[in-house]
Amino acid sequence: SQQLRLCHTPQKQPMAEGDVCMLGQRALDHIVVGLPHNMPLTEGIAWFESMSGIRASIGGRHANLGTHNAVCALGGDAYLELLAVDPEQDQGPSWMGYEICPGRPKVIAWAARPTAALSDPDGQL
């Protein structure tokens, strides 16, 4: 007998122990929340904590890109990144579309972890 197939359901990808969710064949690495350009990072950390009960930790600077960040774990190996304009870098933000100021904190990007086929032993990705 012949079966009618209405849609294709891709085979579910196995998840590694630290993976939170899969994006196709790759695991979620992190989600980037862009803060309004006039919101200092410390204020963004307080805003996120008031919304979630989770306090993000200061991360680092993105040299020559005009931003700095704070991060917090989402569970497993995934994390959330709060991205803010770095007042110590004169050129202003210049990547990930963050040149355009969001009117409120919002998700501006996400990243998937490379699979074994896309491994990055030299840390260049």
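**View 1. Phe48 and its aromatic partner in this predicted model.**
Let's start with Phe48, which is buried at a relative accessible area of 12%. Because the cut-off for buried is under 20%, that value puts Phe48 inside the limit. Its neighbour Trp47 has 28% relative accessibility and so counts as partly exposed. The structure holds one aromatic pair, and Trp47 and Phe48 are the two residues that form it. Two numbers are worth having at hand here: a pair of aromatic rings is described by the distance of the centres and the angle of the planes. For Trp47 and Phe48 these are 6.2 Å centre to centre and 50° between the planes, a tilted arrangement.

**View 2. Helix H1, with a buried face and an exposed side.**
Helix H1 covers residues 41–52. Its twelve residues should span 16 Å at 1.5 Å a residue, and the end C-alpha atoms are indeed 16 Å apart, so expectation and model agree. Which residues of H1 are buried? They are Leu41, Gly44, Ile45 and Phe48. Looking down the axis of H1, these buried residues fall within an arc of 100°, which means that they line one face of the helix. A handy reminder: an α-helix has 3.6 residues a turn, so residues three or four places apart point the same way. Thr42 and Ser50, on the other side of H1, are exposed. The buried residues of H1 pack against three strands: S3 (57–62), S4 (67–75) and S5 (78–85). Just after the helix comes Gly53, with a positive phi of about 80°.

**View 3. The largest nonpolar core.**
This core has 16 residues. Those with the most contacts inside it are Leu35, Leu41, Ile45, Ala56, Ala70, Leu80 and Leu82. At least two residues of the core come from each of strand S2 (26–34), H1, S4 and S5. Which element gives the most to this core? That is S5, with four residues. Ala56 is a good place to zoom in: setting aside neighbours within four places in sequence, Ala56 is in contact with Ile45, Ala70, Val71, Cys72 and Leu82.

**View 4. His68, a buried histidine in strand S4.**
Is His68 buried or exposed? With a relative accessible area of 14%, His68 is buried, and strand S4 is where to find this residue. The His68 side chain reaches the backbone oxygen of Val85 at 3.2 Å. Val85 has company: apart from neighbours within four places in sequence, the contacts of His68 also include Leu41, Gly60, Arg61, His62, Leu82, Leu83, Ala84, Asp86 and Pro87.

**View 5. Asn64 and Met96, two loop residues with positive phi.**
Asn64 is found in the loop between S3 and S4. Although Asn64 is not a glycine, its phi is positive, at about 65°. Asn64 also has 65% relative accessibility and therefore counts as exposed. Where does Met96 lie? Look in the loop between S5 and strand S6 (106–112). Met96, again a residue other than glycine, has a positive phi near 55°. With a relative accessible area of 31%, Met96 is partly exposed.

Methods. Residues numbered from 1 in each chain as written. Predicted model: local features only at pLDDT ≥ 70, side-chain atom pairs only at ≥ 80, totals over all residues. Heavy atoms only, no water. Phe/Tyr/Trp six-rings, centres within 6.5 Å; stacked < 30°, edge-to-face > 60°. Buried < 20%, exposed > 50% of the residue type's maximum accessible area, 1.4 Å probe, protein only. Expected span 1.5 Å × (residues − 1). Arc of directions from axis to C-beta. Contact = heavy atoms within 4.5 Å. Core = buried A, V, L, I, M, F, W, Y, C linked by side-chain atoms within 4.5 Å. Polar contact = N/O pair within 3.5 Å; in protein donor to acceptor, adjacent residues only side chain to side chain.
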